[in-house]
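Me: Please walk me through this structure. Keep it short.

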Amino acid sequence: MNDKAAKSAYWDDWQREALAAGVAAPLATLGMEVLRAHRKNRWPKEFLGREDDGPHMLTMCLEEPAETELFFIENLYPYDAALIESTRVRLGLA
């Protein structure tokens, strides 16, 4: 087996750390998806989601979970206006 494939990706490590810190599972999964999407799509460093952003993202999740969930949705699905709006309403941020 490829040694690299056997190692856990940093986004998976981040998700486990977030769950251990008390972040709700759905939000931890969204954060993991932001980190993975940033790496896989090679987004510019100005976008949130670099490996170095992990600690900041964890703080965001713990301090403002609703706002962070909306922010992650907006970043992952920027053209899905219906999803963004329904998330905003569901979280009481409308």
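What follows is a set of questions and answers on a predicted model.

Me: What pattern does the protein chain follow along the sequence?
Reply: The secondary structure has six helices and zero strands. Read in order, the pattern is α-α-α-α-α-α.

Me: Why is the protein chain called as compact as a globular protein of its length?
Reply: The globule rule gives 12 Å for 94 residues. The chain comes close to that value, so it is as compact as a globular protein of that length. Its radius of gyration is 14 Å.

Me: At what angle do the axes of helix 2 and helix 4 cross?
Reply: Helix 2 covers residues 10-21 and helix 4 covers residues 54-63. The crossing is right-handed. The two axes come within 11 Å, and they cross at roughly 35°.

Me: How many residues of the contact of helix 2 with helix 4 are nonpolar?
Reply: From helix 2 come Trp14, Glu17, Ala18 and Ala21, which meet Gly54, Met57, Leu58, Cys61 and Leu62 in helix 4. One residue of this contact is polar and one is charged. The nonpolar count is seven.

Me: Which helix supplies the largest share of the largest nonpolar core?
Reply: This core holds 23 residues, and Trp14, Val23, Met57 and Phe72 touch the most other members. Helix 2, helix 3, helix 4 and helix 5 each supply at least two residues. The largest share is seven residues, from helix 3.

Me: Which residues does Met57 touch, leaving out those up to four places away in sequence?
Reply: Met57 is part of the largest nonpolar core. Its contacts are Trp14, Gly31, Val34, Leu35, Leu48, Gly49 and Phe72.

Technical notes. Residues numbered from 1 in each chain as written. Predicted model: local features only at pLDDT ≥ 70, side-chain atom pairs only at ≥ 80, totals over all residues. Heavy atoms only, no water. Axes fitted to C-alpha atoms, helices over the stretch in contact; angles between N-to-C directions. Helix = DSSP H or I, 4+ residues; strand = E, 2+ residues; numbered from the N terminus. Left-handed = near helix turned anticlockwise from the far one by under 90°. Contact = heavy atoms within 4.5 Å. Nonpolar A, V, L, I, M, F, W, Y, C, P; charged D, E, K, R; others polar. Core = buried A, V, L, I, M, F, W, Y, C linked by side-chain atoms within 4.5 Å. Buried < 20%, exposed > 50% of the residue type's maximum accessible area, 1.4 Å probe, protein only. Rg over C-alpha atoms; globule rule 2.2 N^0.38 Å.
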